[in-house]
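Q: I've got a structure open and I'm not sure how to read it. Can you walk me through some of its features?

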Amino acid sequence: MRNRTVILAFVSAALAGVALATTAFAEDGPIKIGIPVGLSGANSVVAPSVVQSAELAVAEINAAGGVLGRQLALEIADDASGAAGAQKAFDALVFQKEVNAVITMETSAARNAGLPIISKGDIPYIYTSFYEGKSCNANLFVNAWVPEQQVPPIVDNFIKSQGAKKFFLIGSDYAFGRGMLEFAKAYIEKSGASIVGEEYLPMEGSDWTAIISNLKSSGADAVITSTAGGAPNVTLTKQLRGAGVTIPYGNLAVDEGTAKSMGADAAGIFISASYVTSIDSDANRSFLVAMQKKFGAELRTPNDLSVPEYEGIYLYKAAVEKAGSTDTAAVLAALAEVSFVGPRGTVSMSRQHHAPLTMYLGQVNADGSVTVVDTFKGVDPGEQCPNL
Amino acid sequence: MHENRSTPARVWLLAALALAAAVVVIIGPALFDRFTLNVLTRSMIYAMLAVTVDILWGYTGILTFGQAAFFGTGAYASAMVLSHLGASPALMVLALALAIIVPVLLGAFVGWLSFGHGSTPLYATVISLVVPIVVTQLVFSGGVWTGSSSGLVGYSGLPLGLPGYFRLTGICLIVTTVVALVFTRSDAGKLLVAIRDNEARCAYLGLNPQRLKIVLTTILAGVAGIAGFLYANASGVVAPENTGFVFGTEIVIWTALGGRGTIIGPVIGAIGIDYLSAQLSGDLPFLWNLVVGALFVVMIILLPNGLAQLARMVLPRRNEEQASPSGSPTLAAEPAGNGSEAGNRVLAVSGLGKSFGSLQVLQGIDLDVHPGELVSLVGPNGAGKTTLLRCLSDGTEATTGTVTIAGQDISGMTPDEIVALGVGRKFQVASVFDSLTVADCLRMARASRNAPSLLRRSATLGLPAAATDILRSTGLDRMLLGRPVSLLSHGQKQSLELAMVVALEPKLILLDEPTAGLTKVERTTIGATLQKLTGELGFAAILVEHDLDFVRDISTRIVVLHQGKLVLDGSVDQVVNSEVVRTIYSGGAHA
Amino acid sequence: MTLLLDVVTTAAILFIVAAGLLAIFGVLKIINFAHGAWLTIGAYCAVATAGLGLNPWLALPIAFAVGAILGGITELVIVRPLYRRPLDAILATWGLGIVIGQLITLWFGRDVQFTPNLLSGTVDVFGVGYSLYRLFAVAAALVIGLAFTFLLEGTRLGLSAQAVIMNEMLARALGIDTARVRLATFMVGTGLAALAGVLLTPLTSVDPNMGVAWLIGSFMLVMVAGSSFSTLAIACLVFGGAQVLVSTFVSPIFGGITVAVLCALVLRISPKGFARA
């Protein structure tokens, strides 16, 4: 009997010791940043560049002594670019890997599926992908553009400089595709031009034949597309070019890297972005040099989806330092106030958890580089989340 | 029928296992971390689906990818109610009800589509592929109602919390598994195996396999719908991936790896693989899928019955049925059915013709058969004997003329309906259920009269005396249990099939060369049995036979068929001594 | 006019994609559910050819050879034991498809690959500018169809294959090495599938899962077509036409399931599909 008590006491002591040790370790261990991202599926084209810029940010911060003396560590998970995959990925990151924050670029489907898990786990979530807007959650901050910032440059240019009067809209049938085009539709009509067609294909769809034929017979003089990134965008562009569509073509979802690998098919496409590689600033130049140095031949072209990821990690760093800990409530309060000067200029998520940004209207050249046609400074994201 | 014995050991075993599982489920939340609980909750929902796939595929032989569609429909029905209407208790009940009703309706439609008269197993599989694809596209086209590609999120579900969901799903899984185990091991459950083994035989035992499959599909669609309801609540997300055919193939993979036809195997397969993939796929996603895929291929080729088969090979098999003293069912005499009144015609055929395109196989057949008659149908190969039997037992076969059985015109009737009129058909090649025991085969023959129990394995086997006699005289009564029919000798299978047909208590038995390939002794036994059935018990029989000596010994009447026409119909002596018959059999004349 | 061209070219593309599956199903009565994976293999052959700096057209023979060789290995190792278990063969080849998809991912990565266009630009057809490549697809479909008809009607292998289709026991009794006929047929079928993969590259993106999207459509068409290339051509025209019409006039979303749904209904009404017509 006595022996048993002794053993019990010993075991409890040992367990307590282990528990203490783990706690202590957690305090001193790295701050974990979760990156659920579409390594497979529609986003697989841009995902590697997003991971690269996150790796650079973490390497730079760690080399400079970390955050509050702690190192940063990345936990990357594949969300398969969709809701079901995101649910698994967020679950694993939040509850298995127990990350301190999620900072990532994802599809809207994945973001929506992940948000309830973020709320349950109560950690900060910085969303670094442009999206259709109006996603509001106390834990969510966005440092990329919304339709209010992106659509007007293209539409204004098409109407004023290209004389477009009849627009045709093509999208992937999901939150981003529909959300962007909904805004574009309202904005085009407000600007005095008309919509002659609006068609959607599921994200998995690959046969645009009928839609393109409708486009050609509609008499449209400009086309704006808003597909899921990656495969659908590539397929649509290939088939549009194959069918000989030459009217002004604004693509709301193409990034510079994808445009480059598409080759000749992408030439002439208009894009509206908060980042292009040709931005003339010290921050951008040193960022590009650092990327080149770190990844060499493996480098994926930095783009409008990967650069916000880089800046997002720095914004989180600033917020943790301001808050003095990784405590969620304190960090969330700080996130709305901090700012960071990055490749895209000064970014601060101060407007209802969203960020005013400088926007560039660009046109893709035959070699994949982007010529900036026009620049719009400090474009306001508008009323995204009036309740936050 | 009368179950007065003490509860068999296997029932206790099952109860103990279920109880143990329930305990694990109840205390689980105290043992596992949050992530594990979350993953296991999902895995257990998937395991419920694997059970339904196992019943359809492992037991009944219907390879289906469609359970994903029913699951997705149930999940979407719930999530749409919760998103667009709200989550009050009343609406929660509505969500559950719709999660069952919608898949059930869809399941009934899919069943009707898949299992028409004469549709092939491959066609059912084809449909099961199309259904998830269609459902997924409907989800895509549903706009804000279904959330299209984004799915639905952010609705509130049952206020249970993670431990609550874990326990709820666990209990649901245990209930599903126990019900499935009890059902598949009951007398009615053997019907599924009978359908898988030999669907034609089922139909000729008066059962309607197509209707049974439709019912099964419908019910299991409802179960999948319940799983969908649980999923929609527990996960808080429904997405198009949940309804897709790729998900359907995953369920089949879990079932196959766990071991089809075992219920427990698929449960373990689904939980094990889904749990491991959640644990491992974060670190090595491709390798993991590669391993699962490769394992699946190897398994299908080498171990079609999955890991359960491997376990059975490694562990010494304990044959509980022979070990338990109360195992062997006792043969019970059933009261003899209403024997047909002598004098009335059992069968009346007039002007029957059958052609395949321009080829006339049968023409102008007129034939009457009365109770107590043993009519032998003779004629050279290709005379149309087997075709005639087929026209008598399947109302969709004949091209012209009428066949009347017990006063009713059978045109357009399916075999099972004709069996109900009192026709039993024995095929040329013994048509039995290879993986069932002798006792279960005979029980199938009685299933259209005595609805088999959904819960129990009966301890008695009620058979008419005539069938019991056949079993006694061939020694089959000592082989009722223990091994599958596929291990019986050729002659024993023939006798078993005859006993099964007789157990139907038909007024008219059609026999296609019952003595082919039998030994002399076996022939004599069968001959004596047939004489007793007709002479003493008032059955009528039509016998197709080549052996003229055998025919002469036992027949009351002989009908000669030649080149699709009935050339002679008379007593044994008339026919045997007829010039026509001699010419035909010497191969000369054209009648 | 454009509508008509859309119908014809869509039918041609469907025909190209389904041809390999039909060759295998027609002779062997086995459904190769790894068909999608072979399309992917073919497309990645195009990627590899471009990577080596070769002429993009060379991808066609290379893909055929690679597809046929891999198909040969598959027939020997995986399909041969399953001829008597056709439903299991569906499952085993589906599993193989998963394995191939993962191997491609491990080798090439999972992102979208790009290939040089075989033919670009448009030509005027009766005053309408139409994609040159889609018109080329019609020619390619005709060549594949004719070549296959020649192979079946005009060669020893083809005649043996026909004998196997009609009555395998008899064929074996006549001294035909049915095992070799099966092997050769499977290789031709998978070679054709890989070839189709190359022909798809100008129309779609190339990624490890690209084949799955095409699998079901071709599977359904083959079920309806039975074992004849001419009925497959008819099926492609009818159902491809329906798909274009539904996509154009109803909804492109429903267009995607037109082929599958119509084929399922046709099979319900006439279980042998077009084979009897």
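A: Sure. Let's start with a word we'll need: a residue is buried if 20 or more other C-beta atoms lie within 10 Å of its own, and exposed if 12 or fewer do. Keep in mind, too, that this is a predicted model.

Q: What percentage of the residues in chain B are buried?

A: Of the 591 residues in chain B, 52% are buried. Chain B contains 23 helices and 14 strands, and its C-alpha trace spans about 90 × 55 × 45 Å along the principal axes.

Q: What share of the contacts in chain B link residues 24 or more positions apart?

A: Take the contacts in chain B with a separation of 6 or more: 78% of them join residues 24 or more positions apart.

Q: Now the place where two chains touch. How do people usually describe an interface?

A: Its size is often given as the accessible area lost when the parts come together. Here we'll go by residues in contact instead.

Q: How many residues of chain C are in contact with chain B?

A: 30 residues of chain C are in contact with 32 residues of chain B. On the chain C side, helix 4, helix 9 (212–225) and helix 11 (252–269) each give two or more residues. Helix 4 of chain C has the largest share, with 14 residues. As for character, the chain C side divides into 23 nonpolar, 5 polar and 2 charged residues.

Q: And how do I read two helices packed together?

A: You describe them by the angle between their axes and the distance between the axes. Try helix 10 (residues 229–249) and helix 11 of chain C: they pack at an angle of about 150°, and their axes are 7 Å apart.

Q: Why is helix 10 of chain C called roughly antiparallel to helix 11 of chain C?

A: Because angles over 145 degrees count as roughly antiparallel, that angle makes helix 10 of chain C roughly antiparallel to helix 11 of chain C. The crossing of these two helices is right-handed.

Q: Which residues of helix 10 and helix 11 of chain C make the contact?

A: Helix 10 of chain C brings F239(C), A242(C), Q243(C), V246(C) and S247(C). From helix 11 of chain C come P252(C), F254(C), G255(C), T258(C), V259(C), L262(C) and C263(C). Sorted by type, the contact has 8 nonpolar residues, 4 polar and no charged.

Q: What do the buried residues of helix 3 of chain C pack against?

A: They pack against helix 2 (35–51), helix 4 (86–108) and helix 8 (178–200) of chain C. Among the buried residues of helix 3 (59–79) are F64(C), L70(C) and E75(C).

Q: Where does UniProt place transmembrane regions in chain C?

A: The UniProt record, an unreviewed entry, puts them at several spans, including residues 37–54 and 212–237 of chain C. In the model, residues 37–54 of chain C are 83% helix and 0% strand, with end C-alpha atoms 23 Å apart. Residues 212–237 of chain C are 88% helix and 0% strand, and their end C-alpha atoms are 22 Å apart.

Q: Last one, in chain A: is E198(A) buried or partly exposed?

A: E198(A) has 16 other C-beta atoms within 10 Å, so E198(A) is partly exposed. E198(A) sits in strand 7 (residues 194–201) of chain A. Beyond its neighbours within four places in sequence, E198(A) is in contact with L169(A), L181(A) and K185(A).

Technical notes:
Residues numbered from 1 in each chain as written. Chains lettered and ligands numbered in written order. Predicted model: local features only at pLDDT ≥ 70, side-chain atom pairs only at ≥ 80, totals over all residues. Helix = DSSP H or I, 4+ residues; strand = E, 2+ residues; numbered from the N terminus. Contact = placed C-beta atoms within 7 Å. Nonpolar A, V, L, I, M, F, W, Y, C, P; charged D, E, K, R; others polar. Axes fitted to C-alpha atoms, helices over the stretch in contact; angles between N-to-C directions. Parallel < 35°, antiparallel > 145°, perpendicular 65-115°, else oblique. Left-handed = near helix turned anticlockwise from the far one by under 90°. UniProt positions renumbered as here; feature names shortened; annotations may be inferred.
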